Number of protein chains: 2
Amino acid sequence: MPGFQKSDTLEILLYAAEELFAKQGFDGTTLRDITGLAGVNLAAAHYHLGNKEALYIKVFTRRLQPINESRLARLARAEQEANISLVGMEQLIEIMARPLFELAADTQHGGQYFARILGRCLVEPLPFMEAIITAELQPVMARFGQALRRHSPQLAPEEYLWRFSFVIGAMHHSLATLHGMKVRTHGICRDHDAAAALQRFIPFAVATFTAPVKPEPVNNR
Amino acid sequence: MPGFQKSDTLEILLYAAEELFAKQGFDGTTLRDITGLAGVNLAAAHYHLGNKEALYIKVFTRRLQPINESRLARLARAEQEANISLVGMEQLIEIMARPLFELAADTQHGGQYFARILGRCLVEPLPFMEAIITAELQPVMARFGQALRRHSPQLAPEEYLWRFSFVIGAMHHSLATLHGMKVRTHGICRDHDAAAALQRFIPFAVATFTAPVKPEPVNNR
DNA sequence: AATATTTTTAAACATCTGTTTGTATAGTCA
DNA sequence: TGACTATACAAACAGATGTTTAAAAATATT
């Protein structure tokens, strides 16, 4: 956790909540867990945030909003630079994925935990988070979905959406389990290695969208 | 829920628990939720299962064990039939994936809920489930990982493992969110359509493993 | 039919949960 | 300095939670 100068209870609280929500989930984490880890009084959570759900939402949007702003800004700039031609597929995927992979690899400032929270949010539907997801995440994903679509006009809509679903699933699953990569691969792949993960993910995503519709028989050796 | 003949409290309990654990998670579901939905007495859960964790484990293994037995049996038979040559890549992926996709599409007997529980288990690490995952799931996945590896000797170990991770992530993420596919795609992709999902997933997985290591520049239209 | 065993039930238990309250403390500005 | 505001704190509250207990009911066995 980074060093705080004054008595910034709110910040300490958000970092502690982020870590525990990532590790234990919303329902598996109590406010006493959080305030205990943060070393602040139990009532501080309610004083600064109002209630537990508001704390979770704050933890979530605090990370996601800057990421999405950065993504949309970079996308807009890339489209401007590309003028009338299309922004390259690698670049689109890189713009979409890099901020998340870098955050997931950040073990110094707690960013790693947000990637896990995001992964949870997409699989476990917390009722009070639906509106947040719809408002904060879906428009950005739809934006990239449209941009990528222009590179794959040969794919039928259903085919394209399945592939998009696979790519997004692979990304979020990898992000959410990045911290266990080393153990899972017996030391071959490193934990929290954004550069390596991204270097593998971008060609993977490109290959997914550019694969032929009816693949020719696979080379069996 | 299927019809039960006698007073089979245990079965009713397992179906109710499966549905609620899938929708709300382990910590988000109370025993009173479960016994209430099942229409049985609260103490019945403890009488038949012992405690809440044992109930969750039972819900989990009840579905996973038959699936894994079927997978391993089909794999062994395919390898026998292939004799000294390799079992085809499509076939390997099909054997690994089909039982899960078919369960995820089963809206009649609650199978759809297990796919969501499995997706949760891979993202949110319930402490008491680690041993179960290690014992029940990892050996089977390692088995398929090895079999697929023989088709991709050109890939460096790290490269192969990243691709395997993407494929598994795409599969489990899609399985866990299959029930929302129709809404997410504005009606273009159907919910609970195992055949369609599998038909897209198998070529996707094959393309992932067969993509060149250094992809040539993408066709920008 | 009588006994033994299994299953169901209502009630209670101890603990934990999010939240609220009232008050003390620290900081700010006139 | 003195009044005012923002923050921190300990304590308590009401309700929920997993679990246990003991007795009733149902089922099986002799």
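The legends below walk through several close-up views of a predicted model of protein chains with DNA strands.

Local features are described only where pLDDT is at least 70, side-chain atom pairs count only at pLDDT 80 or more, and totals for chains, interfaces and linings use all residues. Residues are numbered from 1 along each chain as its sequence is written, chains are lettered from A and ligands numbered from 1 in the order in which they are written, and side-chain values use heavy atoms, with hydrogens and water left out.

**View 1. Chain A as a whole is built from 10 helices and 0 strands.** Helices (H or I, at least four residues) and strands (E, at least two) are DSSP runs, numbered from the N terminus. Following the sequence, you will meet the pattern α-α-α-α-α-α-α-α-α-α. The C-alpha trace of chain A spans about 60 × 40 × 35 Å along its principal axes. Of the 221 residues in chain A, 53% are buried; here buried means under 20% relative accessible area, exposed over 50%, and partly exposed in between (1.4 Å probe, protein chains only). Take contacts (heavy atoms within 4.5 Å) between residues at least 6 apart in the sequence of chain A: 71% of them join residues at least 24 apart. The accessible surface of chain A is about 10,000 Å², and carbon and sulfur atoms hold 52% of that surface. Such areas come from the Shrake-Rupley method with a 1.4 Å probe; for residues, only the protein chains shown count as cover.

**View 2. DNA strand C is surrounded by 17 residues.** A residue is near a strand if one of its heavy atoms lies within 4 Å of the strand. The closest are T30(A), R32(A), H46(A), T9(B) and H48(B). Both chains take part here: α2 (31-38) and α3 (42-49) of chain A, together with α3 (42-49) of chain B, each supply at least two residues of this surface. The largest share, 4 residues, comes from α3(B). Sorted by class, the surface near DNA strand C has 6 nonpolar, 8 polar and 3 charged residues. In this sorting, Ala, Val, Leu, Ile, Met, Phe, Trp, Tyr, Cys and Pro count as nonpolar, Asp, Glu, Lys and Arg as charged, and the others, Gly among them, as polar.

**View 3. Phosphate oxygens of DNA strand C pair with polar atoms of the protein, including one in the side chain of H48(B).** A polar contact is a pair of N or O atoms within 3.5 Å; within protein, one must be able to donate a hydrogen and the other to accept it, and residues adjacent in sequence count only if both atoms are side-chain atoms. The H48(B) distance is 2.7 Å. For Y47(B), a side-chain N or O atom is 2.8 Å from a phosphate oxygen of the strand. L31(A) uses a polar backbone atom instead, at 3.0 Å from a phosphate oxygen. Of the strand C atoms within 4 Å of the protein, 50% belong to sugar or phosphate and the rest to bases.

**View 4. Around DNA strand D there are 16 residues, of which T9(A), Y47(A), H48(A), T30(B) and K52(B) come nearest.** Sugar and phosphate make up 53% of the strand D atoms that come within 4 Å of the protein. A polar side-chain atom of T9(A) lies 2.2 Å from a phosphate oxygen of DNA strand D, and for Y47(A) a side-chain N or O atom is 2.9 Å from a phosphate oxygen. R32(B) turns up at a base: a polar side-chain atom of R32(B) lies 2.9 Å from a base nitrogen of DNA strand D. Two or more residues of this surface come from each of α3 of chain A and α2 (31-38) and α3 of chain B.

**View 5. Helix α6 (residues 111-123) of chain A is largely enclosed by the rest of the structure, because 12 of its 13 residues are buried.** Among them are Y113(A), F114(A), I117(A) and C121(A). The relative accessibility of C121(A) is 10%.

**View 6. T177(B) sits in the loop between α8 (157-176) and α9 (181-184) of chain B.** T177(B) counts as buried, at 9% relative accessibility. Its side chain reaches the backbone oxygen of H173(B) at 2.7 Å. Leaving aside neighbours within four places in sequence, T177(B) is in contact with L122(A) and R184(B).
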